[in-house]
2 protein chains.
Amino acid sequence: MFNLLNMSSTPKRPPDRDEDLTARARIRDAAVECFARHGFDVTVRAIAERAGVSPGLVLHHFGSKAGLRETCDEYVRQTIRETKTEAVTAHGEQTFLQQLAEIDEYSDLLGYVLRSLQAGGPMAVALFEHMVEDIEEYLAKGEEAGTIRPSRDPKARARWLAANGLGSITMLFTLQGLGPDTDFRELLRRATHDIMLPALEVYTEGLLTERTMLDAYLLYISDPPEEPR
Amino acid sequence: MFNLLNMSSTPKRPPDRDEDLTARARIRDAAVECFARHGFDVTVRAIAERAGVSPGLVLHHFGSKAGLRETCDEYVRQTIRETKTEAVTAHGEQTFLQQLAEIDEYSDLLGYVLRSLQAGGPMAVALFEHMVEDIEEYLAKGEEAGTIRPSRDPKARARWLAANGLGSITMLFTLQGLGPDTDFRELLRRATHDIMLPALEVYTEGLLTERTMLDAYLLYISDPPEEPR
DNA sequence: CAGGAAGCTGAACACGTGTTTAACCTATTG
DNA sequence: CAATAGGTTAAACACGTGTTCAGCTTCCTG
C-alpha cells in the first residue's frame, strides 16, 4: 500500500515460454486463462477448445475439473512465490499483485488471483495469510527504524491492513462488471491510483482529530488509555 | 467504522411476520434464506421445498429464477432502506450491516447482502454507492465540527473508506468457509471486533511517522506539498 | 520390425438444471 | 348452480454439464 510509489521497480522477465509446450502444460495455461477471463464456472469444453485439444484429453491429464483447478492453484502459487523471491527484497505488501501486473505475460495470473480472492477457497486463504505475514514483518522493521508507529496489537493491525488492501482491491474489482475482455492490469492500475491519495493521507495524517473514540474503546476493553509515545 | 461503539443502540422490531403469508411472499422469504445460506447457485427445487411448494409455482409467480432473484434484491434493498430511515439518525457508515445483524429476524438479509457483495451485480454497486454517500456526508459533518481531518479529495477518501469497510468485511467473510449453517451475525461480530482496535489506532494516531511518502506522492502528481492545517 | 504404452479423439452417457405444460383444485362471481 | 379465473401440482422436456469409453494414432523400445 505504501511503496506502490516505486514506479521504477524492475520487472522480472518470465521464463521463456516455449511455443510448443507439452499438451498438459498447454491445457494448464489455457485453464488459467479461461478461469481468469470467464470465472471458475467456465466449461471444460471451453478450456479444451482454447488449448486446441479435445475435452476428453483434459480429464485424461487431470482426472477431473477439480483436479485441473488444483493444478492451476498450485501453478499460480508457485509462480507467485518465484516472482516474489526473485524480485528485489524491498517491497511492502500487496506488491505481488503489482508485480504480476507489471509483467505482461502474467496478466492472466493476476486475473486468476483476483477471481480466487473473490470466490474464496484454500488459495485465497493462503494468499491472505501470506500477505499478513509480509505486512507484519514489514511493519516490524519499520517500527524498529522509527518510520512506523507502534501498535497495541501488531498482529491485529497487520490482519486489518491485509484485509483492507486485498479486500478493497477485490471489492472494486467485483463492483466493476467482469467480462471476458476485462483488462485486469488496467483495472488494478486504476484501483491503486484511486486509493493512493486517501490511503497516504490517512496513514500519515490520520482521520480523526480527537482521541475520544480510541480512548473510549480502550477503556471499554479495560485497557487503560495511554499516551502514544 | 467508528461509532460501532454504540453498543446501546435501539434495534427496531421488524413488522410482525404473519405466519400464514401469501405463497408468493413465502417463496420470496425462502429464496432470500436459501440464497443467503447456500449462495446464488442454489436450486429452484431447493427453494421450493423450503417454501413448501412445488417448483412450478416458483416460476409461475416470478417468471424465472432471474426474476425471483430480482424480486429478492428489491425486497432486501427496500427493507434496508426502511431500517435505515426508521433508525436513529446518528449512525455512521456500514452500520446498516450492524443494524441488520442486531435484529434476529434479519439475519438472513445480512447473509444475502454479504453474498451480494461477494458476487457483485447491481445490488452490490447500489449498496456501495449508497455507503459512499453516507460516509461522505458523515465525514463532511465531522469536518465542519472539527472532529474529522480535512482531505485533499474528500470524495476519493469516502470511496476508499467504503471500499475498506465493505471490502475487508467481505474478505474476512469470504476467507471463512461459508456453509449452510454459517452464523452471519456471529461472523460479523467477530470481524468487527478484530478490526476495531487497529482501525481506531490508525484513524486517530496514523500509521506512518514521516510525511516523506505523502509529500513525494503529492509532488509526483504535481500538487505542491502543503502543511496540514 | 513388432508390440505395447502413452497421447489423443469423438461420441456417448448420466445427471442436474431451469423451464414448460396439461391437468386439477378452489373459490369467487354472475 | 355453473362458469370462469387464478392458485397449485406433478410430470415431462430441453439442454448444458462433467465424465466415461472404445478406439485411433504416434512413438518409443526391445
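This report describes a predicted model, taking up the surfaces around DNA strands C and D and then one helix of chain B.

## The surface around DNA strand C

There are 15 residues around DNA strand C, and those that come nearest are Ala23(A), Ser54(A), Thr43(B), Arg45(B) and Lys65(B). Of the atoms of this strand that come within 4 Å of the protein, 59% belong to sugar and phosphate. Sorted by class, the surface near DNA strand C holds six nonpolar residues, six polar residues and three charged residues.

Several polar atoms of the protein lie beside phosphate oxygens of DNA strand C. In chain B, a polar side-chain atom of Thr43(B) is 2.9 Å from a phosphate oxygen, while for Val44(B) a polar backbone atom is found 3.2 Å from a phosphate oxygen of the strand. In chain A, the side chain of His61(A) places an N or O atom 3.4 Å from a phosphate oxygen of DNA strand C. The elements that supply two or more residues to this surface are helix H3 (55-62) of chain A and helix H2 (44-51) of chain B, and the largest share, four residues, is that of H3(A).

## The surface around DNA strand D

Around DNA strand D there are also 15 residues, of which Thr43(A), Arg45(A), Lys65(A), Ala23(B) and Ser54(B) come nearest. Sugar and phosphate make up 58% of the atoms of DNA strand D that come within 4 Å of the protein. The surface near this strand divides into six nonpolar, six polar and three charged residues.

Among the contacts with phosphate oxygens of DNA strand D, a side-chain N or O atom of Thr43(A) lies at 2.9 Å, and a backbone N or O atom of Val44(A) lies at 3.2 Å. Lys65(A) contributes a polar backbone atom, which is 2.7 Å from a phosphate oxygen of the strand. Here the elements giving two or more residues to the surface are helix H2 (44-51) of chain A and helix H3 (55-62) of chain B, with H3(B) giving the most, four residues.

## Helix H7 of chain B

Helix H7 of chain B runs over residues 122-145, and its 24 residues reach 35 Å from the first C-alpha to the last, which is close to the 34 Å expected at 1.5 Å a residue. Just after H7(B), Gly146(B) takes a positive phi of about 90°.

The buried residues of H7(B) include Ala124(B), Leu127(B), Phe128(B), Met131(B), Val132(B) and Ile135(B), and Asp134(B) is also one of them. An α-helix has 3.6 residues a turn, so residues three or four places apart point the same way.

Key:
Residues numbered from 1 in each chain as written. Chains lettered and ligands numbered in written order. Predicted model: local features only at pLDDT ≥ 70, side-chain atom pairs only at ≥ 80, totals over all residues. Heavy atoms only, no water. Near = heavy atom within 4 Å. Polar contact = N/O pair within 3.5 Å; in protein donor to acceptor, adjacent residues only side chain to side chain. Nonpolar A, V, L, I, M, F, W, Y, C, P; charged D, E, K, R; others polar. Expected span 1.5 Å × (residues − 1). Buried < 20%, exposed > 50% of the residue type's maximum accessible area, 1.4 Å probe, protein only.
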